[in-house]
Amino acid sequence: MVTSSLLSGIPGIRHGFGSASSLVPAELAPVWELRPAKRQVHGTRVAAIHEAKQEVGEADGFHTALPGLPVSIITADCVPLLLVRRDGTQIAAVHAGWRGLYDGIIPAALAAMGAGAPVVAAVGPTICAACYEVSEELAEDFARRFPELPRKVVLPAYRHLDLRAIAEHQLRAAGVEEIEHVGGCTCCARDAAGQPIYRSYRRGDRGSQMHSGLYITTKGEK
Ligand SMILES: [Zn+2]
């Protein structure tokens with residue numbers, strides 16, 4: 001499990017990013033059964049969660065202000081993004097692959113959270129630019145989509161897309177100032193024994209993927 005010190009510093013919030021050895025973060029275990037039933041489709045729909053085991057259908061972002069209800073996403077190379085209001089009143093989990101970033105799921109999630117205290121963000125284990133080669137057409141589409149960003153930020157190398165950098169750019173553009181990047185590359189990070197730390201679709205992992213998520217603890221818990 002991978003955690004963010006930025007998010008850990010907010011009282012009443014439990015969170016975790018999955019890894020190959022811990023597909024569901026242990027921090028989420030107490031409420032895991034209550035998670036929404038969902039299908040991620042690389043879209044931009046952000047669902048409000050208001051009841052346990054909610055049937056949300058197709059969505060790639062989830063937010064709630066209710067204690068005890070987890071929001072989570074599944075990833076294996078895409079950006080797993082966890083958002084929390086500084087005052088701990090609201091949380092969101094966002095699955096942002098290239099299509100979600102391109103189409104704007106991050107601004108959509110922030111808009112869905114509405115007004116309130118500043119939002120802080122943790123960007124979890126994501127495929128690195130060196131591992132993420134895309135078609136020339138897609139690379140050029142991205143360069144055009146974010147004209148305000150230097151080309152070498154979007155594409156640090158020919159046809160290599162930096163998903164993390166684009167996610168951070170969208171967060172900052174939407175007014176998020178506190179952003180922490182945690183975990184390594186889902187594709188190339190290895191442990192001391194040389195084994196992959198994360199699941200990676202690009203590397204060939206199929207089937208079980210990693211969950212990342214968070215919840216607001218019920219009143220009284222620290
Ligand atoms: Zn890598």
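The paragraphs below walk through a predicted model, beginning with a sheet and moving on to a nonpolar core and a helix.

Strands of a sheet pair through backbone hydrogen bonds, and they may do so in a parallel or an antiparallel way. Here three strands, in the order β1-β11-β6, make up an open sheet whose pairing is antiparallel. Because β1 (13-17) and β6 (71-75) each have a single partner strand, they stand at the edges, and one side of each is left without a neighbour in the sheet. From one strand to the next, the twist averages 10 degrees. Looking at one of these pairs, we find that β6 and strand β11 (residues 210-216) run antiparallel and are joined by five bridges, and that T75 stands opposite M210 in β11.

The largest nonpolar core holds 54 residues, and those that touch the most other members are L81, L83, V94, I106 and A167. I106 is a useful residue to follow from here: if its neighbours within four places in sequence are left aside, I106 is in contact with L81, V94, A96, L101, A167, Q170, L171 and A174.

The helix α3 (residues 105-112) contains I106, which is buried there along with I105, A109 and L110. These four lie on the same side of α3, because they cover an arc of only 140 degrees around the axis. A general feature of helices helps in reading this pattern: an α-helix has 3.6 residues a turn, so residues three or four places apart point the same way. Just after α3 comes G114, which takes a positive phi of about 70 degrees.

Definitions and conventions. Residues numbered from 1 in each chain as written. Predicted model: local features only at pLDDT ≥ 70, side-chain atom pairs only at ≥ 80, totals over all residues. Pairing = 2+ DSSP bridges. Helix = DSSP H or I, 4+ residues; strand = E, 2+ residues; numbered from the N terminus. Axes fitted to C-alpha atoms, helices over the stretch in contact; angles between N-to-C directions. Core = buried A, V, L, I, M, F, W, Y, C linked by C-beta atoms within 7 Å. Buried ≥ 20, exposed ≤ 12 C-beta atoms within 10 Å, placed from the backbone. Contact = placed C-beta atoms within 7 Å. Arc of directions from axis to C-beta.
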